[in-house]
Amino acid sequence: MTEPDSTFDSASELLGKIAEQLGARLSHLPLPRTRPPMTAPTLVPRAPSASTLASQAPTAPTLVAVGHGSRDPRARATLSRLLDRVRELRPGLDVRLAHIELNAPLLDDTLAGLAAEGRDAVLVPLLFAPGHHVTHDLPAALAAAPGLRARVAEPLGAHPLLVEALADRLAEAGWSPADGTSPATGVVLASAGSRDPRSGAEIRRIAALLGERLGGVPVLPAYASAAAPTVPEAVRALTARGRHRVAVASCFTAPGLFATRAAAHAPWIAADPLGAHPALARLVLHRYDRVRTRLPRRELAAI
């Protein structure tokens, strides 16, 4: 019975050795690499381009600065420089010049072109007070362009920016701070003139503001046409009050017949027209901004 047991033990030992050797060999084999689980890619939204944003943004209405027009060749060039200043203050704004008469481009042609382009517009009169041009000519021009959405801004009017420009032009002509308190000085505020009583009231307000700005000196309004007093009459009125040093302030946007005549009557100094004064450019934008926000917006096309 002992022999079978010995045979069994020998076979068991042999199988054990084979298992040990096989396990040792398997331990030296490299383990298979495991692939990480698949994950969904993270999608990062692309920022819209500048051109896309520009196409989606509403377009500001065109600023149409409306001058009267003049046969003086300096007038159009002066207004062009003024509008260059406006463009510098508001880059990207479409700013165009138009004239009521005498100079190209005429207002009717400018409005027709804007209507054909599908643009909105704000008309800013380069005039200082209500009158026939503001109350009649500009609305009539808009009525003749029915396809155009546009509004008319207020005239430049009695505003601190206008007074700043008037005072600076007088200083350039020779006015000093001491002249504002001298009993011998006075100022005539020369403007075009109108039969509309609202125009005269507005020019008187401008004159009062200018007098305050100059230190309390008397400032009398005067007109080149259609209203009284004339510049010579206003000069005589100040002289009668003991004001023998009379300056003429030019309430004109550009050189022309009226501005030249007014300056010729100055017994002392005469200021230049306001032209491209920086304060006047800011005032043009101020009048534009007060109106453009009241224009109804066009519906934007879906992008």
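Two strands count as paired if DSSP finds at least two bridges between them. Keep that in mind as you work through this predicted model.

**Exercise 1.** Work out in which order the strands of the open sheet lie, and which strands are at its edges.

*Solution.* Start with the pairing: three strands form an open sheet, in the order β6-β5-β7, and they pair in parallel. Next, look for strands that pair on one side only: these are β6 (219–223) and β7 (245–250), the edge strands. Then zoom in on one pair: β5 (residues 185–191) is joined to β7 by six bridges. For instance, T185 has R245 of β7 as its bridge partner. Finally, check the twist: on average, neighbouring strands here are turned by 30° against each other, direction ignored.

**Exercise 2.** Find which residues of helix α8 are buried, and explain why they line one face.

*Solution.* First, apply the cut-off: buried means under 20% relative accessible area. In α8 (residues 231–240), V231, A234, V235 and L238 are buried. Viewed down the axis of α8, the buried residues fall within an arc of 100°, so they line one face of the helix. The general rule helps here: an α-helix has 3.6 residues a turn, so residues three or four places apart point the same way. Now turn to the other side of α8, where R236 and A240 are exposed. Last, ask what covers the buried residues of α8: the cover includes β5, β6, β7 and α9 (257–264).

**Exercise 3.** Identify where pLDDT stays under 50 with zero contacts beyond four places in sequence.

*Solution.* Begin with the chain, whose mean pLDDT is 84. Then scan along: residues 39–45 fit the description.

Technical notes: Residues numbered from 1 in each chain as written. Predicted model: local features only at pLDDT ≥ 70, side-chain atom pairs only at ≥ 80, totals over all residues. Heavy atoms only, no water. pLDDT = per-residue confidence, 0-100. Contact = heavy atoms within 4.5 Å. Helix = DSSP H or I, 4+ residues; strand = E, 2+ residues; numbered from the N terminus. Axes fitted to C-alpha atoms, helices over the stretch in contact; angles between N-to-C directions. Buried < 20%, exposed > 50% of the residue type's maximum accessible area, 1.4 Å probe, protein only. Arc of directions from axis to C-beta.
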